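Here are some short exercises to work through with the model open beside you. Try each task before you read its solution.

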Amino acid sequence: MSAPAYHPSDGAHAGRLLKPEEAAERLNVSLRFIRRLCHERRLPYTKVGKFVRFDAEELEAWIAAQRVEPANGVGGDARRRTSEARPR
């Protein structure tokens with residue numbers, strides 16, 4: 001049996017593929033950190049032969065998924081009291 005033929009419409013989209021250096025720049029982190037995230041399989045990536053590439057759209061989705069909302073919905077630390085909320 002032969003391997004199935006590759007067709008670009010098989011779920012691969014024509015998004016821009018970023019090099020690890022470009023992904024690190026986009027996230028404002030070091031190249032070493034990008035490599036560590038890949039090694040730990042915490043960051044989605046694609047292997048192109050021996051090269052690692054990042055889909056720009058997947059990277060944006062990953063960034064959005066990492067967002068942490070404030071606990072009280074307004075911002076600041078929910079455990080801290082303001083001067084108005086202190087008992088007298």
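**Exercise 1: one helix, two faces**

The buried residues of α2 pack against α1, β3 and α3. Here, contact means heavy atoms within 4.5 Å, and buried means under 20% relative accessible area, exposed over 50%, partly exposed in between (1.4 Å probe, protein chains only). Helices (H or I, at least four residues) and strands (E, at least two) are DSSP runs, numbered from the N terminus. This is a predicted model, where local features need pLDDT of at least 70, side-chain atom pairs count only at pLDDT 80 or more, and totals for chains, interfaces and linings use all residues. Residues are numbered from 1 along each chain as its sequence is written, and side-chain values use heavy atoms, with hydrogens and water left out.

*Task.* Find the buried residues of α2, then look at the opposite face.

*Solution.* Start with the buried ones: I34, L37 and C38. They lie on the same side of α2 because they cover an arc of only 100° around the axis (taken from the directions from the helix axis to the C-beta atoms). Now turn to the face pointing away from that buried side: R32, R35 and H39 are exposed there.

**Exercise 2: the sheet**

*Task.* Work out the strand order and the edges.

*Solution.* The 3 strands make an open antiparallel sheet, ordered β1-β3-β2 (strands pair if DSSP finds at least two bridges between them). The edge strands, β1 (17-18) and β2 (46-48), each pair on one side only. Next, follow β1 and β3 (residues 51-55): they pair over 2 bridges, antiparallel. In this pairing, L17 stands opposite D55 of β3.
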